[in-house]
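Hi,

Here is the structure I said I would pass on. Have a look at it first, and then read my notes underneath.

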Amino acid sequence: AAESLVLNTQQAQQEAAKEASPAAPPTESPAQQSFSNSSLAYLTTKAGSDGHISPETYASEAIKWLNAGYSINDFNSAVNAAKLLNPSNGYYSYALTEAIKRGQ
């Protein structure tokens, strides 16, 4: 009975410690981490007066990203988080497809 009490106490302490510890920050993939603030700053300088980058700029930078071995999903996540794509412009995917076809 004493062993059971000790075991239950230890388990309760472990549970309390887990609940008391701050939550770990969300982890980012290495690709997202490497998409540095300077890269976002560069893309921001390429934004037009509306605050968005052109499909051609998007495609050019996405190709660089892919050539570096990173995921297009990570690139899109970073660019979308920075709100650099114009939601009313549907040519981003097309521009990327054409750039890939041209071998850029």
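Below is what I found, going from the whole chain down to single residues.

One thing to keep in mind is that this is a predicted model.

**The chain as a whole**

The fold is helical: there are six helices and zero strands, so to speak an α-α-α-α-α-α run when you start from the N terminus. Of the 104 residues in the chain, 24% are buried. The accessible surface is about 7,300 Å², and carbon and sulfur atoms account for 54% of it. If you take the contacts between residues at least 6 apart in sequence, 68% of them join residues at least 24 apart.

**The core**

Nonpolar side chains tend to be buried together in soluble globular proteins. In this model the largest nonpolar core has 15 residues. Leu43, Ile53, Tyr58, Phe75, Val79, Leu85 and Leu96 are the ones with the most contacts inside it. Helices α4, α5 and α6 (92–102) each supply at least two residues of this core. Which helix gives the most to it? That is α4, with five residues.

Leu96 is a good place to click. Leaving out its neighbours within four places in sequence, Leu96 is in contact with Tyr58, Ala59, Ala62, Ile63 and Ile72.

**Helix α4**

Helix α4 covers residues 55–67. Its 13 residues should span 18 Å at 1.5 Å a residue, and the end C-alpha atoms are indeed 18 Å apart, so the two values agree. (The expected span is 1.5 Å times one less than the number of residues.) The buried residues of α4 are Pro55, Thr57, Tyr58, Ala59, Glu61, Ala62, Ile63 and Trp65.

Take Thr57, which lies in this helix: is it buried or exposed? Its relative accessible area is 18%, and the cut-off for buried is under 20%, so Thr57 counts as buried. Not counting residues up to four places away in sequence, Thr57 touches Leu43 and Lys46. Just after α4 comes Gly69, with a positive phi of about 95°.

**Helix α5 and what follows it**

Helix α5 takes in residues 72–81. Ser71 caps its N-terminal end, with a side-chain oxygen 2.9 Å from the backbone nitrogen of Asn73. Asp74, Phe75, Asn76, Ala78 and Val79 are the buried residues of α5.

After α5 you will come to Lys83, in the loop between α5 and α6. Lys83 has a positive phi of about 55° although it is not a glycine. At 62% relative accessibility, Lys83 counts as exposed.

Asn89 is found in that loop between α5 and α6 too. With a relative accessible area of 24%, Asn89 is partly exposed. A polar atom of the Asn89 side chain lies 3.0 Å from the backbone nitrogen of Tyr91. Asn89 and Ser54 are 35 residues apart in sequence, while their C-alpha atoms are 8.8 Å apart in space.

**The aromatic rings**

How many aromatic pairs are there? The count comes to four. In one of them, Trp65 and Phe75, the ring centres are 5.9 Å apart and the planes sit at 50°, so the pair is tilted. This pair links distant parts of the chain, with Trp65 in α4 and Phe75 in α5, 10 residues apart. Trp65 is buried, at 8% relative accessibility, and Phe75 is buried as well, at 1%.

Tyr91 and Tyr94 form an edge-to-face pair, 6.5 Å from centre to centre and with 75° between the planes. Tyr91 is exposed, with a relative accessible area of 56%.

Finally, Tyr58, Trp65, Phe75 and Tyr92 form one aromatic cluster. Two names there should look familiar from the core: Tyr58 and Phe75 are among the residues with the most contacts inside it.

Happy browsing!

Notes:
Residues numbered from 1 in each chain as written. Predicted model: local features only at pLDDT ≥ 70, side-chain atom pairs only at ≥ 80, totals over all residues. Heavy atoms only, no water. Phe/Tyr/Trp six-rings, centres within 6.5 Å; stacked < 30°, edge-to-face > 60°. Helix = DSSP H or I, 4+ residues; strand = E, 2+ residues; numbered from the N terminus. Buried < 20%, exposed > 50% of the residue type's maximum accessible area, 1.4 Å probe, protein only. Contact = heavy atoms within 4.5 Å. Areas by Shrake-Rupley, 256 points an atom, 1.4 Å probe, with all protein chains shown as cover. Polar contact = N/O pair within 3.5 Å; in protein donor to acceptor, adjacent residues only side chain to side chain. Core = buried A, V, L, I, M, F, W, Y, C linked by side-chain atoms within 4.5 Å.
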